[in-house]
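User: I am new to this model and would like a close look at a single part of it, namely its side-chain contacts between opposite charges. Please take me through them carefully, and then show me what surrounds that picture.

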Amino acid sequence: MSPRAALAACKISPKSSIYTLCKPCLTRTFSASRTLADAEDDELRPATNLDKRPPGPSAQRQAMFNWLEGPGSAFRYPLPGSTNYLSAYNQAGQLVRAAQSGNVSVKQENSEGTVDTDDARALEAAATTPSIPPERREDLRPFPNNKAFYSESILSEDLRLEIWRRVQVEGQSIRQTSAEFQVEMRRVAAVVRLVEIERRMKAEGKSLAIPYARAIHSMVPTTNLDPISRQPDSAHESINDLEQHPLTFPQLFYPTSESRAFNRTDAGRVFSGAPRLPDHDDYAPVEPWQDDTPELIGKRGHEKYVLKPADSRIPHPHLIAAEKDRFMGETPAQQVRKYNQRLQEDAEKRKKLQAKREAAEEGTKTRIEAGRWQFVVTDVQTSRQGTGINGRGTGSPGHRYGVPSEERKRGRVKIPTKVDV
């Protein structure tokens with residue numbers, strides 16, 4: 001029997017499907033080379049100016065360099081002692097207020113034989129540079145497109161040191177210094193603290209950023225000190241402004257009689273939810289600068305203060321009395337004398353209250369001398385007024401002991417659902 005012929009080895013490939021193809025097989029590759037039809041279209045298309053344009057900077061970049069070499073060259077060497085904002089110059093790079101006043105800078109050529117030194121250049125600049133008028137309100141806009149923003153003035157270095165000297169050396173009150181220099185009381189207190197920190201840093205041998213401060217003072221408007229009168233050359237800011245009180249945020253409609261006057265005291269009581277005052281107590285003989293007695297309303301544990309009128313809450317209520325004295329026709333000397341007397345009486349009253357508060361605080365302490373050490377024991381008492389009805393008050397120690405925080409409790413509504421007025 002003849003041997004069986006061997007079958008030829010063959011490989012049967014399965015049918016192609018999405019499950020048998022690999023990822024490169026599923027990805028089509030397109031050629032980025034230009035076809036013959038595209039090349040023929042380019043040959044038939046007429047040539048334009050864009051094809052012949054040489055490579056170079058864009059139009060915006062060229063416009064920027066043109067401005068820097070033209071009108072923008074005025075900002076390369078800024079004016080000393082003046083702001084240099086875009087709103088103060090015209091399209092040609094000329095200072096508007098100098099052009100309107102007729103001041104034109106003329107540069108004289110040096111004669112032969114003149115030594116070109118730093119002193120000579122400084123003298124020549126002082127001789128040829130005309131007097132520039134002070135900045136106008138329109139020149140203090142650093143952003144030309146924002147017409148509502150104006151750069152505010154800052155205190156000069158001499159004025160800062162003078163404020164510190166009046167408070168720390170002469171012993172004037174912050175209120176009196178604020179009224180005299182037309183600087184807000186919070187700014188006066190901040191100036192005194194900063195100058196004290198600077199003096200302490202100098203005593204410790206630490207360096208200060210003097211060049212940076214000089215550069216900032218040369219770029220922004222400043223309120224300078226008159227060396228003769230030792231007073232600011234202009235009012236720095238308003239010192240009797242009030243921020244909007246949270247009680248006045250909601251809009252209320254309160255019906256009142258037309259035959260009865262509705263003044264600021266009534267408005268404050270309405271916003272606070274306080275009852276109406278009787279008619280004979282509406283115009284009490286207490287002056288605004290003397291009305292410093294707080295009034296509380298509400299249930300125990302939920303007390304709140306009654307909103308006082310603006311005449312009693314302004315930082316300088318004594319200026320109202322000074323304006324009344326001027327309206328009554330008194331001489332300036334009498335006005336100054338009465339104003340200083342009121343400030344002195346107010347300062348003495350505040351000192352007595354401070355001493356009384358310190359004495360009451362010292363009465364709750366027991367000091368035990370133990371050789372080199374002194375132990376101070378303070379008597380405390382946890383009361384409902386200190387802890388509050390919900391136990392979260394801050395007037396007593398341990399006000400959070402045993403009271404879990406409700407901030408991370410589940411299902412708590414943390415957004416306001418009503419407005420209490």
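Analyst: A good place to begin is E295, which is partly exposed, with a relative accessible area of 29%. The model is a predicted one, and in it E295 forms a salt bridge with R269, the closest N and O atoms being 3.0 Å apart. This pair links distant parts of the chain, since R269 belongs to helix α11 while E295 sits in the loop between α11 and β3 (296-297), and the two are 26 residues apart. The partners also sit in unlike surroundings: R269 has a relative accessibility of 7% and therefore counts as buried, whereas E295, at 29%, is partly exposed. As a general point, side chains of opposite charge can pair when their charged atoms come close.

Salt bridges also occur in a connected group, for those that share partners join E162, R165, R166, E170, E180 and R230 into one network. Within this network, the side chains of E170 and R165 meet in a salt bridge, with 2.7 Å from N to O. E170 has a relative accessibility of 41% and so counts as partly exposed, and R165 is likewise described as partly exposed, with a relative accessible area of 30%.

Another pair to follow is R186 with E243, whose side chains meet in a salt bridge at 3.8 Å, N to O. Here too the pair links distant parts of the chain, because R186 lies in helix α9 (residues 185-203) and E243 lies in the loop between β2 (222-223) and α11 (264-272), 57 residues apart. R186 counts as exposed, at 56% relative accessibility, and E243 counts as exposed as well, at 63%. Taken over the whole model, the count comes to 24 salt bridges, and the pairs described here are among them.

Charge also meets an aromatic ring in this structure, as R137 lies over the face of Y150, at 4.0 Å from the ring centre.

Turning from charges to rings, the structure holds 4 aromatic pairs. One of them is formed by Y254 and F262, which are 5.9 Å apart centre to centre with 35° between the planes, so that the pair is classed as tilted, a term kept for planes that are neither under 30 degrees apart nor over 60. Y254 is partly exposed, with a relative accessible area of 43%, and F262 is partly exposed at 39%. Elsewhere, W67, F75 and Y89 form one aromatic cluster.

W67 deserves a second mention, since its place is in helix α4 (residues 59-69) and since, with a relative accessible area of 39%, this residue is partly exposed. W67 also belongs to a nonpolar patch on the surface, made up of M64, F65, W67, L68 and L86, which together have about 440 Å² of accessible area.

The last feature to look at is a pair of strands. Strand β5 (residues 365-370) and strand β6 (residues 373-378) run antiparallel and are joined by 6 bridges, with E369 standing opposite Q374 in β6. β5 and β6 form a hairpin that has 2 residues between them, and in its turn G371 has a positive phi of about 70°.

How values were computed: Residues are numbered from 1 along each chain as its sequence is written. This is a predicted model: local features need pLDDT of at least 70, side-chain atom pairs count only at pLDDT 80 or more; totals for chains, interfaces and linings use all residues. Side-chain values use heavy atoms; hydrogens and water are left out. Rings of Phe, Tyr and Trp (its six-membered ring) pair if their centres lie within 6.5 Å; planes under 30 degrees apart count as stacked, over 60 as edge-to-face and the rest as tilted. Buried means under 20% relative accessible area, exposed over 50%, partly exposed in between (1.4 Å probe, protein chains only). A charge sits over a ring if NZ of Lys or CZ of Arg is within 6 Å of the ring centre and within 35 degrees of the ring normal. Patches are made of residues with over 30% relative accessible area and no salt bridge: like charges are joined within 9 Å, nonpolar side chains (Val, Leu, Ile, Met, Phe, Trp, Tyr) within 5 Å. Accessible areas come from the Shrake-Rupley method with a 1.4 Å probe; for residues, only the protein chains shown count as cover. A salt bridge is a side-chain nitrogen of Lys or Arg within 4 Å of a carboxyl oxygen of Asp or Glu. Helices (H or I, at least four residues) and strands (E, at least two) are DSSP runs, numbered from the N terminus. Two strands pair if DSSP finds at least two bridges between them.
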